[in-house]
Amino acid sequence: MPRSVLVTGGTSGIGRAVAERFLADGADVVITGRREHLVESVAKELGAVGVVCTGVVCDATDPRAVEALAARFETLDVLVNAAGGLGAAQPGPDATELEAALAQWRADLDGNLLSAVLTTTALKPVLAPGGTVLAVGTIGSERRGGSYGASKAALAAWYAMLSAELGPRGVTANVIAPGYIADTGFFQGAMTDAREQALIAETHTKRAGVPNDIAETVFFLASAGARQITGQTIHVNGGAFTTR
């Protein structure tokens, strides 16, 4: 029987690569995103090879939308919280410095931490024994990450608690923390050649990461060979980890 897999933020970048990896293994995959046309088109593209890929429009920061998403599942083997990114704060033209800071922090906490908390909390009742819950963190949790990095650090702390809660049910919970990953929309067009070369130079492998590096790690952590790995943050950054 195919495994059931849910990937939030599955329309692009790391989320899409994760969905593709599980589809290649024959899983039934549901991807989510906030933009209806994109969710529909990506689900159609991924399902073009005859596998089952379902797209669901869902804002993972909206409790009602997450409740409706969870109601679609009678059982779930793998949950991957890949939704998130740099928060798009909109403090308004007359906002004070503190109001702007608050708006940015709330946007990052909502998008990266609370989206995963709501989704996971809603789906905990249907997680199958032998299943796994994973989230995409960041190297920025421990180096120059600002409000974005802090939101991902909080995610790792919460997953450590989640591991203790779900472990007796045979469900693992881990965070994957990527370094620099090329071929995503994370930097929103702001990446310069000089900055990219500096990030690559920090690695031991002397190359940028790609979404498939993370997808393969996710797939392994959801495999039978990783049943004793839980409550961990797995760094996938080519050796670039540093507290600088």
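Partly exposed, as I use it in these entries, means a relative accessible area between the buried limit of under 20% and the exposed limit of over 50%. I am working on a predicted model, so I keep that in mind throughout.

**Entry: Arg207 and Asp213**

I started with Arg207, which has 43% relative accessibility and therefore counts as partly exposed. I then looked for its partner and found Asp213, with the closest N and O atoms of this salt bridge 3.0 Å apart. Asp213 is partly exposed as well, at 22% relative accessibility.

**Entry: the whole structure**

How many salt bridges does a search of the whole structure find? I ran through it and got six. I picked out a few to look at more carefully.

**Entry: Asp25 and Arg3**

Next I pulled up Asp25 and Arg3, whose side chains meet in a salt bridge at 3.7 Å, N to O. Asp25 sits in the loop between α1 (13-24) and β2 (28-33), while Arg3 belongs to the segment before β1 (4-8), so this pair ties together parts that are 22 residues apart in sequence. I checked the accessibility of both ends. Asp25 comes out at 44%, which makes it partly exposed. Arg3 has a relative accessible area of 23% and is partly exposed too.

**Entry: Arg16, Glu45 and Glu20**

Which side chain meets Arg16 in a salt bridge of 2.9 Å, N to O? I found Glu45 there. Arg16 lies in helix α1 and Glu45 in helix α2 (residues 36-46), so the contact ties together parts that are 29 residues apart in sequence. I noted 22% relative accessible area for Arg16, which is partly exposed. Glu45 reads 46% and is also partly exposed. There is a third member to write down here: Glu20 joins Arg16 and Glu45 in a network of salt bridges.

**Entry: Glu74**

I finished with Glu74, in the loop between α3 (63-70) and β4 (76-81). Is Glu74 buried or exposed? I read 78% relative accessibility, so Glu74 counts as exposed, the cut-off for that being over 50%. I also looked up the spacing to Leu123: the two residues are 49 apart along the chain, and their C-alpha atoms are separated by 9.6 Å.

**Entry: looking back**

For my own record, the pairs I went through include Arg207 with Asp213, Asp25 with Arg3, and Arg16 with Glu45. If I come back to the helices, I will begin with Arg16 in α1 and Glu45 in α2.

Key
Residues numbered from 1 in each chain as written. Predicted model: local features only at pLDDT ≥ 70, side-chain atom pairs only at ≥ 80, totals over all residues. Heavy atoms only, no water. Salt bridge = Lys/Arg side-chain N within 4 Å of Asp/Glu carboxyl O. Helix = DSSP H or I, 4+ residues; strand = E, 2+ residues; numbered from the N terminus. Buried < 20%, exposed > 50% of the residue type's maximum accessible area, 1.4 Å probe, protein only.
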